[in-house]
Amino acid sequence: MTAHPPPSLQAGELSDPRLSAALRTLELTVRRRLDGVLHGDHLGLIPGPGSEPGDARLYQPGDDVRQMDWSVTARTTHPHVRQMVADRELETWMVADLSASLDFGTTGCEKRDLVVAAAAAITFLTSGGGNRIGAVVATGADTVRMPARSGRVHAQAMLRKMATTPRAPDGVRGDLRGAIESLRRPQRKRGLAVVISDFLGPIDWQRSLRAVAARHDVLAVEVLDPRDLELPDVEDIVLHDPETGRTREFTVTPKLRADFAEAAQRHRDEVELVLRSCGAPVLTLRTDRDWITDVVRFVSTRRHTFGAASKVPRQ
């Protein structure tokens, strides 16, 4: 598939008019492509038949027995089910991981650009109807919280703030666990939590994500570059880890490439297992792929099954 990268949104490298133009281009790209697969309200990601308890009614053949209202049934001696009322105002919170490992890309864009692009897609998918969206942006050095509000002006300001977040200093580790943990306080009504990250590094965020998933629907957006998965077929290479500040030079051999690819795949498998255990579907975006096509495919596949603890095939 031909890669169509999002516009470059590098902090400090674009003048304000150019940044505004890049954000408008991003918004138009998302709206034009996603409008073709969505009908009516944006059902692609909104949880759904409802999350708030409503009135009880008599049981009818075919009703979900898990919705039985046993207290009413005992009181009336007739089986009743509790209807669920859809909460029409969805509150979505995004965790945008902009740690140093995201300031990297070897093809059409950096992973950081894909984080902002994914946030733009999520914003469009969950906006409208008074829905609110907020974000926690974490670099490891700083964590910035943008309150959940509705409206296009707020959405644009949030994406601009995300795009202009300063890069973390070299040698500063990311803190995905802390960013996810910040979603737990203060406690909010049931909504949607979206975690956008490359999920590299220690998997120390499992307990925090599981706690969030106990109350909210959860979506994971995995952002990758080809070099996260395999080394290039060259003789000598210098590798730098921006989160530790360490630099090492290697002679790339077939065995080293195989060992690196095996370790990278093993880590991805562990991440997938943890996310699956938290009931989080995974949307994978790559710097060498057409990201918006992958978003459209994911939404088309998931629109009737969001919330199931399954994952579309890896792309």
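**Exercise 1. How many of the 16 residues of H3 are buried?**

Start with the setting: this is a predicted model, and its chain holds nine helices and 10 strands. Of the 315 residues in the chain, 46% count as buried.

Step 1. Find the helix. H3 covers residues 111-126 and has 16 residues.

Step 2. Check its span. From first C-alpha to last, H3 reaches 23 Å, close to the 22 Å expected at 1.5 Å a residue.

Step 3. Count. In H3, 16 of the 16 residues are buried, so the helix is largely enclosed by the rest of the structure.

Step 4. Look just past the end. Glycine 128 follows H3 and has a positive phi, near 95°.

**Exercise 2. Work out how H1 packs against H3, and which residues meet.**

Two numbers do the job here: packed helices are described by the angle between their axes and the distance between the axes.

Step 1. Get the geometry. The axes of H1 and H3 cross at roughly 50° and come within 10 Å.

Step 2. Classify the angle. Roughly parallel stops under 35 degrees and roughly perpendicular runs from 65 to 115, and H1 and H3 are therefore oblique to each other.

Step 3. Add the hand. H1 and H3 make a right-handed crossing.

Step 4. List the partners. H1 brings Leu26, Val30, Arg31, Leu34 and Asp35, which meet Val116, Ala117, Ala120, Ala121, Phe124 and Leu125 of H3.

Step 5. Sort them by class. The contact of H1 with H3 has nine nonpolar residues, two charged and no polar ones.

**Exercise 3. Now do the same for H1 and H4.**

Step 1. Helix H1 (residues 16-35) packs on helix H4 (residues 152-163) at an angle of about 120°, and their axes are 11 Å apart.

Step 2. Roughly perpendicular ends at 115 degrees and roughly antiparallel begins over 145, so H1 and H4 are oblique to each other.

Step 3. The crossing of H1 and H4 is right-handed.

Step 4. On the H1 side, the contact is made by Asp16, Leu19, Ser20, Leu23 and Glu27. On the H4 side, you'll find Arg152, Gln156, Leu159, Arg160 and Ala163.

Step 5. By class, the contact of H1 with H4 divides into four nonpolar, two polar and four charged residues.

**Exercise 4. Threonine 77 and phenylalanine 199 both have a positive phi. Place each one in its loop, and decide: buried or exposed?**

Why bother with these two? Most residues other than glycine have a negative phi.

Step 1. Take threonine 77. Its phi is near 65°, and its place is in the loop between helix H2 (70-76) and strand S2 (80-85).

Step 2. Check its accessibility. Threonine 77 has a relative accessible area of 62%, so it is exposed.

Step 3. Take phenylalanine 199. Its phi is about 55°, and it sits in the loop between strand S6 (192-197) and helix H6 (206-213).

Step 4. Check again. Phenylalanine 199 has a relative accessible area of 1%, so it is buried.

**Exercise 5. Which residues is histidine 267 in contact with, leaving aside its neighbours within four places in sequence?**

Step 1. Locate the residue. Histidine 267 lies in helix H8 (residues 254-277).

Step 2. Judge its accessibility. Buried means under 20%; histidine 267 comes out at 19%, so it counts as buried.

Step 3. Read off the contacts. Histidine 267 is in contact with Phe199, Leu200, Gly201 and Ile203. Phe199 is the positive-phi residue of Exercise 4.

Notes: Residues are numbered from 1 along each chain as its sequence is written. This is a predicted model: local features need pLDDT of at least 70, side-chain atom pairs count only at pLDDT 80 or more; totals for chains, interfaces and linings use all residues. Side-chain values use heavy atoms; hydrogens and water are left out. Axes are lines fitted to C-alpha atoms, for helices over the stretch in contact, and angles run from 0 to 180 degrees between N-to-C directions. Helices (H or I, at least four residues) and strands (E, at least two) are DSSP runs, numbered from the N terminus. A crossing is left-handed if the near helix is turned anticlockwise from the far one by less than a right angle, and right-handed if clockwise. Contact means heavy atoms within 4.5 Å. Ala, Val, Leu, Ile, Met, Phe, Trp, Tyr, Cys and Pro count as nonpolar, Asp, Glu, Lys and Arg as charged, and the others, Gly among them, as polar. Buried means under 20% relative accessible area, exposed over 50%, partly exposed in between (1.4 Å probe, protein chains only). The expected span of a helix is 1.5 Å times one less than its number of residues.
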